[in-house]
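Please look through the sequence and the model shown here, and then follow the explanation below one part at a time.

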Amino acid sequence: MGWLSKTGISVETLLKYGVRYSPSKNQIYFTWPNTDVWQARTLNPDAKSRYYTSGDHSNVLTLYYCGVPSVRCILTEDCLSSIKCCNALAVDAMPLLGSHLSTQKMKGLKHLYKQVDVFLDEDKFADACKLSSKLKASGLSSNVYLNKSDPKHIPYDELKEILK
């Protein structure tokens, strides 16, 4: 809970989006209803990999819905960043579970949204620009956001200003 509290996301919000913690494995789990897809984020500093994704997510839009109809979606690298963006601006958000978006997922997003923005970590800015260009070429509106901090670590009031 100490690591999660640094994001500023409330426990109620995390539970609402199906986030769970396993003390025995020291992992945070992210799940999506009606799918077999889940992702674990280990908090073990000695782990070889921080994230483990299970299930075939090539056809699954791992969306976090804001609760009201939205024509805009924000793509992030990770689940907590998506949850934070979703709650900061009341828009839908989707973690890429990395930094790549398949053509199949892009087509799915195009059926749901008019605008799909990209907010990846600073070290993935070039990837974010390429992805935004692909989204625009498919007929969607798209913006790229850049900040020195990972979206999940930006305070809500600052995140709202960045994303508006």
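In this predicted model, a good place to begin is N147, a residue that sits in the loop between helix 5 (125-137) and helix 6 (156-163). Is N147 buried or exposed? Its relative accessibility is 16%, and because buried means under 20% relative accessible area, N147 counts as buried.

What does N147 touch, once residues up to four places away in sequence are left out of the count? The residues in contact with N147 are F119, E122, I154, E158 and I162. Within its own loop, N147 also has a polar atom of its side chain placed 2.8 Å from the backbone nitrogen of S149.

From the loop we can turn to the sheet. In general, the strands of a sheet pair through backbone hydrogen bonds, and this pairing can be either parallel or antiparallel. Here, three strands form an open sheet in the order 6-5-7, and their pairing is parallel. Strand 6 (92-95) and strand 7 (115-118) stand at the edges, and because each has a single partner strand, one side of each is left without a neighbour in the sheet. Going from one strand to the next, the twist averages 25 degrees.

Strand 5, which covers residues 72-76, runs parallel to strand 7 and is joined to it by four bridges. To follow the pairing residue by residue, one can start from L75, whose bridge partner in strand 7 is V118.

Finally, a helix belongs to this part of the picture: helix 3, made of residues 79-89, lies across strand 5 and strand 6, and it runs at about 170 degrees to strand 6.

Definitions and conventions:
Residues are numbered from 1 along each chain as its sequence is written. This is a predicted model: local features need pLDDT of at least 70, side-chain atom pairs count only at pLDDT 80 or more; totals for chains, interfaces and linings use all residues. Side-chain values use heavy atoms; hydrogens and water are left out. Two strands pair if DSSP finds at least two bridges between them. Helices (H or I, at least four residues) and strands (E, at least two) are DSSP runs, numbered from the N terminus. Axes are lines fitted to C-alpha atoms, for helices over the stretch in contact, and angles run from 0 to 180 degrees between N-to-C directions. Contact means heavy atoms within 4.5 Å. Buried means under 20% relative accessible area, exposed over 50%, partly exposed in between (1.4 Å probe, protein chains only). A polar contact is a pair of N or O atoms within 3.5 Å; within protein, one must be able to donate a hydrogen and the other to accept it, and residues adjacent in sequence count only if both atoms are side-chain atoms.
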